[in-house]
Amino acid sequence: MGQYRPLAAVVLAAGEGTRMRSSTPKVLHPLCGRPMLLHVVDALLALPLDRIVVVVGHGAERVTKTLQEQTATETPIEFVEQRVQAGTGDAASVALTAFPEELDGEDDILVVPGDTPLLRPETLALVAREHRAADAAATVLTARRADPGDYGRIVRDGRGLVDRIVERSDASEEELAIDEVNTSIYCFRRGLLAPALRRLSPENAQGEYYLTDAVGVLRQTGHTVVAVEAPDPVEPTGVNDRAQLAAAESCLRARINDLWMREGVTMVDPDRTYVDATVELEPEVRLLPGTILEGRTVVASGAVVGPDSHLVDTIVGEGAVVERSVAREAEIGDGAVVGPFAHLRPGTRLGPSAKAGSFVETKNAEVGEGAKVPHLAYVGDAEVGEGSNLGAGTITANYDGRSKHRTRIGRRVHTGSNTVLVAPVEVGDDATTGAGAVVVGDVPPGALAKGVPARNEEGWAAARRIVVKVAGAAGRSRPWRSSPRRS
Ligand code: UD1
Ligand code: CA
């Protein structure tokens with residue numbers, strides 16, 4: 001005793017997840033922007049484990065790739081493939097093939113399913129601790145549930161010790177009434193798990209090898225099995241269908257929001273604030289209702305986002321304001337103002353104190369410090385220099401039907417309303433364009449580019465009145481009404 005005993009973890013993630021009715025493997029369905037399985041692995045990575053083995057099967061390649069891409073860790077994650085999904089017991093047997101025979105089997109293995117995204121590292125640590133304190137062959141994390149639903153039931157003997165686990169589909173009326181359920185989170189002594197798994201049989205309602213049966217086998221062979229009740233019964237919730245996915249995501253969201261509020265972020269209505277697990281927020285950020293922050297979004301101190309704003313992979317600078325807007329792969333500078341109703345598309349970079357106002361769309365555009373695009377404009381594949389102001393309706397016509405071209409607007413430029421800048425084109429510093437200008441060639445610095453002015457037709461309204469009267473007398477006063485059909 002007192003000797004170092006290795007602790008490894010096995011994640012069962014080979015199942016199809018039929019109840020999701022999805023072409024995406026169940027464990028890859030995202031919660032708060034991170035695949036379900038990643039939440040489980042993140043919890044494991046917070047523990048001092050010697051190794052992590054993931055059993056993959058259904059969608060093995062996708063699952064493996066996702067894990068490899070989205071975990072940055074020193075603990076290497078190993079994969080073993082369960083070719084036929086013959087049940088959780090079979091999956092555990094496949095996992096054991098990753099462990100060398102040389103070890104004496106005195107090491108312990110935490111087994112967790114890939115579908116418990118709310119699991120906390122502290123709870124896993126508790127299971128391992130209790131397991132070792134009792135020197136048990138197996139330790140099961142259980143939970144009390146008013147509605148035990150589809151979970152396996154924990155059957156205890158006359159002395160109150162765990163006797164076995166019975167799956168819902170194999171349970172008697174009496175067993176179904178048991179409110180203590182199996183969470184599928186276990187700690188096993190490896191040397192005892194292997195022979196127990198060899199004794200499993202698929203003679204049950206589902207025709208599968210149940211890992212749950214290993215508990216009964218160990219008890220029958222005289223080993224100690226311990227039950228640890230989960231301090232929070234919601235935490236080991238399994239996700240099998242989309243309703244459970246939504247419920248779990250809502251729990252996770254509340255947790256994330258709580259964490260940020262404790263870090264100094266204001267959320268006027270946390271129930272209507274959606275922050276991905278991958279987002280970073282600074283203290284003194286204010287999030288208004290209907291705000292959705294996704295991916296690698298980062299919001300700096302003093303910024304106000306919302307109401308009803310959707311930011312994906314977007315960086316928001318200090319003190320910026322983003323109101324009722326959508327941004328993707330954009331950078332919003334310190335003190336910049338976005339919206340209401342702006343759409344910042346990938347490659348948009350708003351400089352400090354710049355503005356992209358109402359009904360403005362930008363893409364692959366750099367808007368310099370203090371430059372303003374206050375309303376009704378499209379700025380794509382463009383640069384707008386410091387202090388410039390684009391009039392309402394200014395459009396960079398960047399696409400000629402074949403390829404995209406750039407528009408370069410210098411500093412302190414003013415464009416008149418409805419200016420069309422036909423790219424490729426350059427407007428020099430301090431230049432101005434008149435209303436309605438269609439700019440097809442470069443504008444030199446300081447120049448004025450004028451559009452096509454309207455010509456006046458004197459007396460036109462009076463002439464029109466006469467025309468309308470004559471037409472009306474002929475019964476055609478309402479040309480927009482379709483004439484009755486003739487049969
Ligand atoms: C399982 C337990 C049940 C427990 C519940 C808790 C069994 C037989 N039942 O039921 O007692 O209350 O979890 O959530 O273990 N998997 C594989 N290979 C397979 C089958 C499954 O890797 O051949 C993986 C799945 O990907 C999943 C996990 O094992 O991540 C659990 O499988 P699932 O089908 O969800 O088991 P439940 O029916 O929920
Ligand atoms: Ca499950």
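## A salt bridge, two domains and a ligand

The side chains of Arg 190 and Asp 107 meet in a salt bridge, with 2.8 Å from N to O. Arg 190 lies in helix H6 (residues 190-198), and Asp 107 lies in the loop between helix H3 (88-96) and strand E6 (108-113), so the pair ties together parts that are 83 residues apart in sequence. The count for the model comes to 29 salt bridges. The model is a predicted one.

**Two domains**

The domain assignment splits the protein chain in two. Domain 1 covers 7-229. Domain 2 covers 242-462. Their C-alpha centres lie 48 Å apart.

How many residues of domain 1 are in contact with domain 2? Domain 1 gives 13 residues, and these touch 12 residues of domain 2. The size of an interface is often given as the accessible area lost when the parts come together. Here domain 1 and domain 2 bury about 1,200 Å² between them. Carbon and sulfur atoms hold 63% of that area.

What kinds of link join the two domains? Salt bridges between domain 1 and domain 2 number zero. Polar contact is present, with six residue pairs counted between the domains, both residues at pLDDT 80 or more. On the side of domain 1 that touches domain 2, the elements giving two or more residues are strand E2 (30-31) and helix H1 (36-45). The residues of that side divide into seven nonpolar, four polar and two charged.

**Around the ligand**

Ligand 1 is surrounded by 24 residues. The closest are Leu 12, Gln 82, Thr 88, Glu 167 and Asn 182. Three polar pairs with ligand 1 are set out below.

| Residue | Atom of the residue | Atom of ligand 1 | Distance |
|---|---|---|---|
| Leu 12 | polar backbone atom | oxygen | 2.8 Å |
| Gln 82 | polar side-chain atom | nitrogen | 2.7 Å |
| Ser 184 | polar side-chain atom | oxygen | 2.8 Å |

Leu 12 uses a backbone atom for its pair with ligand 1. Gln 82 uses a side-chain atom, and its partner is a nitrogen atom of the ligand. Ser 184 also offers a side-chain atom, here to an oxygen atom of the ligand.

**Backbone details**

Which peptide bond leading into Pro 307 is cis? The bond runs from Gly 306 to Pro 307, with omega near -5°. Pro 307 sits in the loop between strand E18 (304-305) and strand E19 (310-312). Asp 308 is found in the loop between E18 and E19. Its phi is near 50°, a positive value in a residue other than glycine.

A cis peptide bond also runs from Gly 339 to Pro 340, with omega near 0°. Where does Pro 340 lie? Pro 340 is in the loop between strand E24 (337-338) and strand E25 (342-344).

Technical notes. Residues numbered from 1 in each chain as written. Chains lettered and ligands numbered in written order. Predicted model: local features only at pLDDT ≥ 70, side-chain atom pairs only at ≥ 80, totals over all residues. Heavy atoms only, no water. Domains from an automatic or database assignment. Contact = heavy atoms within 4.5 Å. Buried area = accessible area lost by both parts, 1.4 Å probe. Salt bridge = Lys/Arg side-chain N within 4 Å of Asp/Glu carboxyl O. Polar contact = N/O pair within 3.5 Å; in protein donor to acceptor, adjacent residues only side chain to side chain. Helix = DSSP H or I, 4+ residues; strand = E, 2+ residues; numbered from the N terminus. Nonpolar A, V, L, I, M, F, W, Y, C, P; charged D, E, K, R; others polar. Near = heavy atom within 4 Å.
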